[in-house]
Amino acid sequence: MPVQLLKIIKGKSETPLPSHLQKEDLKHLQEGFDHTNKYFQGIVILSYPLTKLRDGTDFFKVVLQDLDNSCSRINSINILIYGKMAEDCAKVIRHGDTVVVAGFKLAKSPTAREDGRHGCHLEMSEEAGSAIYVCGYPTLSVIGVNIIFPSVAPKYVYTPLNCLKDGTIVNLYGVVKFFKPPYVSKGTDYCSVVTLVDPSNVKLTCTLFNGNLDSLPKIYKVGDIVRFHRIKIREYNGQMQGITSVGFASLTFDGTVGAPIVPRTSSKVYTFMDEEQKTIEELRVWAASNLSISGPAAKLSGVQPMLFFDLTCQLVGKAKVDGSSFLLKVWDGTKCPYPTWKVPVEARDLEGEKVLLHQLRNLTVDVLVYDNHVQLAKSLKIGSFLRIYSIHTKQANADNEDVSHIEFHLHGGTCYGRGIGVLPESNPDVKELKAFLESVDLADSQNIESMSSMELDGTFNNVTDLESHLQRCQQLSVTVLTDHQDLNNTELKTILNSTAPQQYRIRAKLRTYKPQKLYQCIKLHCSKCNSLQEVPDGDDFDFILQGSAVTAPNPELHNTSWYDSAMWTTQDQKQRKIAIHFVKHDEMLQQPEDTLLMIEGGTLKEVWKLTKRFKCVIPVRSTEDDLELLDLSAPFLLQGNIKYYGCKQCSTPKPIKSLSSIAAEQRPSWEPTEIAQVLGIELLQYVFIMKFTLVDGTGALNAYLFDYEKFFQIPASEILTNNFLQQKMQMTMNTLCPPGRKLDDLPWLECFIKSYNVRDAMKHQVYYQIFDTTVAEDVV
């Protein structure tokens, strides 16, 4: 019969192939040669659904990979099967089957350039006398059709990472050196990135996509071992990369030496041979001595400010905060040594068992997740065990407290592996955590120092009492002193009659302030030469960009070792040439939210479009030898809606190639201060400059406010581009100095001021400046 199933016993076929058939290698399958008595053997790496041609003929297509030449660039071939044979094959052939084909016709493949397979394909049918043998399975006849039941799994060939070739589809083993937990890609699929190494000392970065989250590899930590079947290899900039192909499948194993060899997979059917255990054990031993594997994830009891760490924890509560952030309340049984930030959310919005949340109020921490992590965070189930990767601990400003608070943030993007992984209860780390959580004595964690909203509601008899209490607090002062609590209040009359310099604590009212148009109070300050300047107008920037576009980009400066370049010509009358240079990290392009790029020849509108998608944008122009910054009258860096400027007097611009030192860092942050430093730029800082006239009944004095973000709790850098913050600042000033109100009705301000001398050749004056004071949260 044309389709036969061969049973393999002790490595040999129970029914041998016809004696006249001789094996043919893939590389010898060429047009013009006689293949009448030849057969080709390969493993099924891809199969397509059974279809009908226009004339009604059944058609079935499979792809076979040559097991003897897995390192060859072309190691697979298309098999086209027609008629009754196509129908029979579609019922019995599956992924991973070993198949022998004979009596085939060789023809030129029209898709070879697109699919990267052999230049010819094999055509087969009963009418042509073709035969197909499926190896490795016993058969069972049902309604005249042979179907297969696996008894001996097919033997897969695994390709070392140093034998990978462009365009091939291979099976491989590797140790995880770096990974990004699955995240929602720009489309509808989930994406995961994993970098693998093996004893060949070659690195392979794989980008894996799947619409089903569970179908991606279940990687929990660096050092895990993965087995990938049917992963496609492509070459990019001289480096091999792996991408998912049809039929891709994976197994993941704990990389710890001596741990049980239990595969993690969502697939219900997979093969795992005894000899593969030896492969995993050998990789474990190799990784233990050759791979830098971090120790266990940090505990909450060991966190410090300005730390990035991985946390294994249990989710006990969650809530939506706004459109771009989401709250996760988690615990690991230990107590953070610092007071922690409690994200303000409505009680009705908080999911979780209220009694448990109350019991754990001193052991839980609030983790605020942003942007691309929000969708996954929303789907998490209360009670599930998580590993949150690359949490950032940030030291918050103290608000009327002696001790600062710690905030926990999972920033947007996937840089440094940021993300959230859900751990199964079978995970060894989860088993250990569960046992520890069950041993925690919750009674010991209860104290009155951290009063929850539930307790606060019980402190007052009703809502009216609570509101009146807050009103009384606000009447006392609308500002908060953040230091120097030992100073006593001093009357303004006394201050005016005292010599400078000195520091004072005062209680006064704000009679008037300048400028009345608040946007005029934003200036740029150089901390080196202490100069102040106006923020340049957007039209000035546009004019500078237009001038730089006159010089065409220099192609010789494109595609260097640390950035990739793209260039095109606009379709308008000017036919401008625009070049964009994407800075790479670890020889790979990053996700847009983590990418710094440089643009030549763009307009202001085009530059702003790029800032909406990419993390940082630097306008540049070409010289003979390197890219360089534009005139420092223009911003040297744009990040989001913020333009960063450099001081013309104090800056000594360096070549753009200086940025390559940041790109080479293990975790390039692309922070404006670091970028400015390597480019030789003295960064100008946005500041509020205002004059307050303060009165207290004994006198009046003018005090200047010179502040970056502490007084208003609003960054000065964001005011000019954010209407909401402008409104918030105006409301704050209307509270501090209500328009149309009598002096007696104005609120009291408590603040610190310091006096200082200003002398020149003609005169000497004493000035006063507000410091270490912030507007109360109830006001802003």
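**Pairing of strand 23 and the environment of His229**

In the predicted model, nine of the 11 residues of strand 23 (residues 385-395) are buried, leaving the strand mostly covered. Buried denotes a relative accessible area under 20%, exposed over 50%, and partly exposed in between (1.4 Å probe, protein chains only). Strands are DSSP runs of E with at least two residues, numbered from the N terminus.

Strand 23 pairs with strand 20, strand 25 and strand 24, where pairing requires that DSSP finds at least two bridges between two strands. Strand 20 (residues 308-322) runs antiparallel to strand 23 and is joined to it by six bridges; Gln314 stands opposite Phe385 of strand 23. With strand 25 (residues 419-423), the antiparallel pairing extends over five bridges, and Arg387 has Gly421 as its bridge partner in strand 25. Strand 24 (residues 406-410), also antiparallel to strand 23, is joined to it by four bridges. Here Gln395 is partnered by Ile406 of strand 24.

His229 lies in strand 18 (residues 225-236). With a relative accessible area of 4%, His229 is buried. Its side chain forms a polar contact of 2.8 Å with that of Tyr158; such a contact is a pair of N or O atoms within 3.5 Å, and within protein one must be able to donate a hydrogen and the other to accept it, residues adjacent in sequence counting only if both atoms are side-chain atoms. Beyond neighbours within four places in sequence, the residues in contact with His229 (heavy atoms within 4.5 Å) include Tyr156, Val170, Asn171, Phe248 and Thr271.

Residues are numbered from 1 along each chain as its sequence is written. Local features need pLDDT of at least 70 and side-chain atom pairs count only at pLDDT 80 or more, while totals for chains, interfaces and linings use all residues, and side-chain values use heavy atoms, with hydrogens and water left out.
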